[in-house]
Amino acid sequence: MENKKEMRTWLDDLGLNHPLVIAGPCSAETEEQVLKIAHELKDTDVNYYRAGIWKPRTRPGNFEGVGALGLKWLQKVKEETGLKTATEVANRNHVELALEHDIDLLWIGARSTVSPFIVQEIADALKGTDKIVLVKNPVNPDLALWLGAIERLASANIKNLGVIHRGFSTYEKSKYRNNPEWQIAIELQTKFPDLPLINDPSHITGKRDMIFDVSQTALDLNFDGLMIETHFDPDNAWSDAAQQVTPNRLVHIMNDLRIRKETDPEAEYNNELNNLRAQIDVVDNQLIELLGKRMKVADGIGELKKQKNVAVLQSKRWNEILGKMVMEGDEKGLSEEFILRMFKAIHQESINHQEKIINH
Ligand code: PEP
Ligand code: MN
């Protein structure tokens, strides 16, 4: 994938020699908590200190954030530690208050990106700002909604834009809290190679033990930075407890990640290779996912045949499928021999599945 950035962005202006790091608690809870975490992150690679002030909770009754009061705490963070600050804004009022309190980076949350009305209201309130504005992907896997939000902000003359990939919700069971659907982020990166792309492994995984691996995949896919929820006592955090890490763990994660250096030709080659391999891994996972789905459908057919006492092997239907697949494969540059071998294997697995059902 061609991924050469051509335009200078706010990220280049930071002149970092490592990926951008945004860290801090999911929610600001108390002044002491906000300041304690900030002090622990002060002499690390962290560039922006995040804390949610207004928390969009899926169900009411959970902790909904401390509100505007927390903005004062973030100001104090900046005074005491020099860390720049970041928070989520979800309406005009939030934007006005955040700007008044000189928050350096504002992000639009996943539950807001799904709503063009809200995005437009935020864009209007931010018109012409030179603050950094990051757009999280929408909750649902819809690239157009994500692009639409970016376009609304760009039209409001907001120049310091970027995006955060935090995964997508799905009804199907998954090991992730929010499925990464890496291909959506890759497509966005291909469309807007100059737009800084940040990964949020906390919200993707929902589990602190998986944060390192997802971060590494993101860096291998040429992401520009990471947003990682960090708390001195993660287990007792008032929101998203399972997915926060301690400042100490964050430092270890950052140290252990393979980070690309773009200047060295050897590193450049390895970087490109890692990037392509990461893309292959994404596609391979999708293949397994799809094959699993195909076998589930085969199981359904098995059930049906069992009820009707019909033979598993239906040769006429199978030959029709094969003929069609050979033609479609040819269009994608796949040889007839490969298609026949692959589908024979798939077909055999399907038959095994159906037989198991019929004979039980
Ligand atoms: C958050 O960053 O704490 C948050 C609420 O994220 P998202 O909008 O990705 O759910
Ligand atoms: Mn959170």
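The exercises below, each with a worked solution, concern a predicted model of a protein with a ligand.

**Exercise 1. Which residues surround ligand 1, and which polar contacts does an oxygen atom of ligand 1 make?**

Begin with the shell, which consists of Cys26, Arg50, Lys55, Glu88, Trp107, Gly109, Ala110, Arg111, Lys136, Arg166, His203 and Glu229. Sorted by class, this shell around ligand 1 holds seven charged, three nonpolar and two polar residues. Next, look for pairs of N or O atoms within 3.5 Å. An oxygen atom of ligand 1 lies 2.8 Å from an N or O atom in the side chain of Lys136, and an oxygen atom of the ligand is 2.9 Å from an N or O atom in the side chain of Arg111. At Ala110 the partner is a polar backbone atom, 2.9 Å from an oxygen atom of ligand 1. Finally, consider the surface: ligand 1 taken alone exposes 300 Å², of which the protein buries 97%.

**Exercise 2. Examine helix α7: what span should its 13 residues have, which residues are buried, and what caps its N-terminal end?**

First, the span: at 1.5 Å a residue, the 13 residues of α7 (residues 143-155) should cover 18 Å, and because the end C-alpha atoms are 18 Å apart, the two values agree. Second, the buried residues of α7 include Leu143, Trp146, Ile150 and Leu153. The buried residues of α7 pack against several elements, among them β4 (105-108), α6 (116-126), β5 (132-136) and α8 (182-191). Third, the cap is Asp142, with a side-chain oxygen 3.0 Å from the backbone nitrogen of Ala144.

**Exercise 3. Where do Asn157 and Asn222 lie, and is each of them buried or partly exposed?**

Start from the backbone: most residues other than glycine have a negative phi. Asn157, however, has a positive phi near 65°, and its place is in the loop between α7 and β6. Asn222 likewise takes a positive phi, of about 70°, in the loop between α10 (211-220) and β8 (225-229). Then compare accessibility with the cut-off of 20% for burial. Asn157 has a relative accessible area of 41% and is therefore partly exposed, whereas Asn222, at 4%, is buried.

**Exercise 4. Describe the surroundings of Leu41 in helix α2**.

Leu41 belongs to α2 (residues 31-41), and because its relative accessibility is 0%, Leu41 counts as buried. Leaving aside neighbours within four places in sequence, the contacts of Leu41 include Ala23, Val46, Tyr49, Leu83 and Pro247. Trp107, by contrast, is 20 Å from Leu41, C-alpha to C-alpha, with their positions 66 residues apart in sequence numbering.

Definitions and conventions:
Residues are numbered from 1 along each chain as its sequence is written. Chains are lettered from A and ligands numbered from 1 in the order in which they are written. This is a predicted model: local features need pLDDT of at least 70, side-chain atom pairs count only at pLDDT 80 or more; totals for chains, interfaces and linings use all residues. Side-chain values use heavy atoms; hydrogens and water are left out. A residue is near a molecule or strand if one of its heavy atoms lies within 4 Å of it. A polar contact is a pair of N or O atoms within 3.5 Å; within protein, one must be able to donate a hydrogen and the other to accept it, and residues adjacent in sequence count only if both atoms are side-chain atoms. Accessible areas come from the Shrake-Rupley method with a 1.4 Å probe; for residues, only the protein chains shown count as cover. Ala, Val, Leu, Ile, Met, Phe, Trp, Tyr, Cys and Pro count as nonpolar, Asp, Glu, Lys and Arg as charged, and the others, Gly among them, as polar. Helices (H or I, at least four residues) and strands (E, at least two) are DSSP runs, numbered from the N terminus. The expected span of a helix is 1.5 Å times one less than its number of residues. Buried means under 20% relative accessible area, exposed over 50%, partly exposed in between (1.4 Å probe, protein chains only). Contact means heavy atoms within 4.5 Å.
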